[in-house]
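Work through the exercises below with the structure open. Try each task before reading its solution.

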Amino acid sequence: MRQRTPAYIFIPLTLLAIILAFTMVTPVDVVPEPGFQGMVNNLLEHLKHVFAQGIFWAVLAIATVMLLIINALNKVIEAERFKRLSEVEQAQYLEEGKIGYFKRLFSSAAKKQSDKEEESIILDHGFDGIKELDNALPQWWLSLFYFGIVFMVVYVMAYSFTDFAHMDKEYEKEMVYKDAQDSIWAVANDIDITGAVNKSNDPAIVEQGKKIFEQNCTQCHMEGGKGGIGPNLTDDYWVNHVEDSLFKNIYHIVYNGSPHNPQMRAFGQRKELSGLAIEKVASYVYYINQKEPTKTVAEGAAAPQGDLMEAWKQK
């Protein structure tokens, strides 16, 4: 007769499995951080959300009651089986029970069968002198096997009929979360003209400014700022000159709009672009005006408009 797994082992392990199951299916609006510290923080964040759910505590309470009932039934079954043992077997069983569970578990891993025990479990078939033993699989192995089957069924059902574990859905949620975080950061760290810095020497900023320009400005200024309805931004003539420096002047006009042309709207005042975005656009326009060749009428660009600004001529 085998020793029963004590309640102080299987009850906490079962409850832990329930907690881990809840962490798997509970949605959390957090982007996991890399590394071991990030893994720990992510787990704690999941547990915080799990413990905040009333359904979790209800399931945990029901599971605890059921496990206690199962433990009581196991005791009754154990007592009935014990009565059927001989006196010698009962004494042997009681003696084994005095050994601690973990000590008994580790010793069983290295325990070898006697020749007599081995003879009793030899199967009645063999080949080339090799015989097979009918060994019982360890309980921990069987438990993991059955757990794997249950997990597979739950996982496949969840994957098939819900958004759980779909990489594209998780990616979309993460992008929405990151965009929201970026928006919050942009509002908290936005700038105005006093904090704007000319970053035309930074290729990454210039490229970002180009993308914003193409999305918002090419309808009037055309591709590359060569001009159309709006003036040519690559020459030395400027309709508006309200600031001392060229970069600040570009920033001012994009943010506040043109006093001479209502079609050049105030992107900053209208909250269409943030101050940080306008800084990138201004850096891009400064770059194409100062560091790229002027686009001429012969190349399909618009004719010069406004005043020739000697101080802002290309260097």
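**Exercise 1.** In this predicted model, find which backbone atom lies 2.9 Å from a polar side-chain atom of Asn-289. Then place Asn-289 in its helix and decide whether Asn-289 is buried or exposed.

*Solution.*
- Start with the polar atom. The partner is the backbone oxygen of Leu-233, 2.9 Å from a polar atom of the Asn-289 side chain.
- Next, locate the residue. Asn-289 sits in helix α12, which covers residues 275-290.
- Now judge burial. The cut-off for buried is under 20% relative accessible area. Asn-289 has 0% relative accessibility, so Asn-289 is buried.
- Finally, list neighbours. Leaving out residues up to four places away in sequence, Asn-289 touches Leu-233, Thr-234, Asp-235, Trp-238, Leu-246, Trp-312 and Gln-314.

**Exercise 2.** Classify Glu-279 as buried or exposed, and name residues that Glu-279 touches.

*Solution.*
- Glu-279 also belongs to α12.
- Its relative accessible area is 4%, so Glu-279 counts as buried.
- Beyond four places in sequence, its contacts include Ile-191, Lys-199, Phe-247 and Tyr-251.

**Exercise 3.** How do helices α9 and α12 pack?

*Solution.*
- Take the two descriptors. Packed helices are described by the angle and the distance between their axes.
- Read them off. α9 (residues 203-216) meets α12 at about 100°, with the axes 7 Å apart.
- Classify the angle. α9 is therefore roughly perpendicular to α12.
- Identify the contact residues. Among them are Ile-205, Ile-212 and Phe-213 of α9, and Val-281, Tyr-284 and Tyr-287 of α12.
- Sort the contact by class. It has 9 nonpolar, 3 polar and 2 charged residues.

Conventions
Residues numbered from 1 in each chain as written. Predicted model: local features only at pLDDT ≥ 70, side-chain atom pairs only at ≥ 80, totals over all residues. Heavy atoms only, no water. Helix = DSSP H or I, 4+ residues; strand = E, 2+ residues; numbered from the N terminus. Buried < 20%, exposed > 50% of the residue type's maximum accessible area, 1.4 Å probe, protein only. Polar contact = N/O pair within 3.5 Å; in protein donor to acceptor, adjacent residues only side chain to side chain. Contact = heavy atoms within 4.5 Å. Axes fitted to C-alpha atoms, helices over the stretch in contact; angles between N-to-C directions. Parallel < 35°, antiparallel > 145°, perpendicular 65-115°, else oblique. Nonpolar A, V, L, I, M, F, W, Y, C, P; charged D, E, K, R; others polar.
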